[in-house]
Amino acid sequence: MRGFYIGRFQPYHNGHHRMVEEIATEVDELVLGIGSAGDSHSPRNPFTAGERIMMVNKAVSDFDITTYAVPIEDLDRNSVWVSHVQSMSPAFEVAYSNNPLVIQLFTEAGVEVHQSPMFNREVLEGTEVRQRMIEDRDWESLVPDEVADVVREIDGIERLQRVTATDGSERVGDDDRDPNPC
Ligand SMILES: Nc1ncnc2c1ncn2[C@@H]1O[C@H](COP(=O)(O)OP(=O)(O)OP(=O)(O)O)[C@@H](O)[C@H]1O
Ligand SMILES: NC(=O)c1ccc[n+]([C@@H]2O[C@H](COP(=O)(O)O)[C@@H](O)[C@H]2O)c1
């Protein structure tokens, strides 16, 4: 049986890895959807699809299943997103997600969805990993070694810190202003 698991994987961390470990007991092939594939170089999505494919491929190579990493770009229309995913991915029988919107869209499209427990979510969260990267605190212990190697290879910490920094020109309250005052 072939499964499908999508995430932004910004970066791929030990929570994702535990989830793949569990999924590997249920399927013999797994498609790893690299979500929001067009996004990169921003505080929430610092890494490119290609960089995330490197992280995922290297990290899952020890598991005893066949995996395929497939980049999936976002669409403005949720109602056709599952068809978009299916058009890009090898066919799959079951989708894995803990994301309520993803679960809803797959369920409405008639695709079986399995959820998993959240593993050590207090720290195993992409947001927490990126925050630690920005603050030069220990992030390596939250990701597989292969992912840490990729982040170092691409100078990922320097990039994230730079795209997160402001140039000091913003004023307090700027974000609250109506962009189209009439
Ligand atoms: N610690 C975890 N245990 C189990 N599943 C997780 C864990 N962290 C994320 N997931 C699940 O993996 C999928 C992909 O998650 P995603 O790539 O958005 O990671 P995230 O940690 O939620 O990232 P971010 O904080 O950047 O939004 C989602 O279904 C999410 O619920
Ligand atoms: N309309 C859309 O493009 C659409 C809908 C649902 C999920 N997604 C994507 O699927 C991925 C879901 O992963 P997360 O569980 O990590 O949020 C994200 O990249 C998200 O942007 C996209």
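Where does P11 lie? P11 is in the loop between strand 1 and helix 1, and more on that loop comes in the last points.

A word on the basis: this is a predicted model, where local features need pLDDT of at least 70, side-chain atom pairs count only at pLDDT 80 or more, and totals for chains, interfaces and linings use all residues. Residues are numbered from 1 along each chain as its sequence is written, chains are lettered from A and ligands numbered from 1 in the order in which they are written, and side-chain values use heavy atoms, with hydrogens and water left out.

1. **The pocket.** The largest pocket holds about 910 Å³ of space. By pocket I mean, on a 1 Å grid over the protein atoms alone, an open set of points where a 1.4 Å probe fits, with protein on both sides within 12 Å along at least five of seven lines; lining residues have an atom within 4 Å of a point. The volume is the space filled by probe spheres set on the points, which are joined across faces, edges and corners.

2. **Its lining.** There are 37 lining residues, and I6, G7, R8, H16 and N99 are the closest to the centre of the pocket. Strand 1 (2-7), helix 1 (14-23), helix 4 (100-108) and helix 5 (126-134) each put at least two residues into the lining; helices (H or I, at least four residues) and strands (E, at least two) are DSSP runs, numbered from the N terminus. By class, you get 15 nonpolar, 13 polar and nine charged residues, with Ala, Val, Leu, Ile, Met, Phe, Trp, Tyr, Cys and Pro counted as nonpolar, Asp, Glu, Lys and Arg as charged, and the others, Gly among them, as polar.

3. **Ligand 1, surroundings.** The space that ligand 1 takes is the largest pocket (a molecule sits in a pocket if more than half of its atoms lie within 2 Å of its grid points). Around ligand 1 there are 21 residues, of which Y5, R121, G126, T127 and R130 come nearest; a residue counts if one of its heavy atoms lies within 4 Å. Strand 1, helix 1 and helix 5 each give at least two residues to this shell, which divides into eight nonpolar, nine polar and four charged.

4. **Ligand 1, polar contacts.** These are pairs of N or O atoms within 3.5 Å. A polar side-chain atom of R121 is 2.7 Å from a nitrogen atom of ligand 1. Backbone atoms join in too: a polar one of F119 at 2.8 Å from a ligand nitrogen, and an N or O of L124 at 2.9 Å from a ligand nitrogen. On its own, ligand 1 has 600 Å² of accessible area, and the protein covers 91% of that (Shrake-Rupley method, 1.4 Å probe).

5. **Ligand 2.** Ligand 2 also has the largest pocket as its space. Of the 13 residues around ligand 2, the nearest are S36, D74, L75, N78 and N99. Oxygen atoms of the ligand are met by a polar side-chain atom of S36 at 2.7 Å, a backbone N or O of L75 at 2.7 Å and a polar side-chain atom of N99 at 2.9 Å. The protein covers 83% of the 480 Å² that ligand 2 has accessible on its own. Helix 4 gives the most to the shell, three residues.

6. **Backbone at S36.** Please look at S36, found in the loop between strand 2 (29-34) and helix 2 (49-60). S36 is not a glycine, yet has a positive phi of about 50°.

7. **Backbone at P11.** The peptide bond from Q10 to P11 is cis, with omega near 0°. Most peptide bonds are trans.

Definitions and conventions. Polar contact = N/O pair within 3.5 Å; in protein donor to acceptor, adjacent residues only side chain to side chain.
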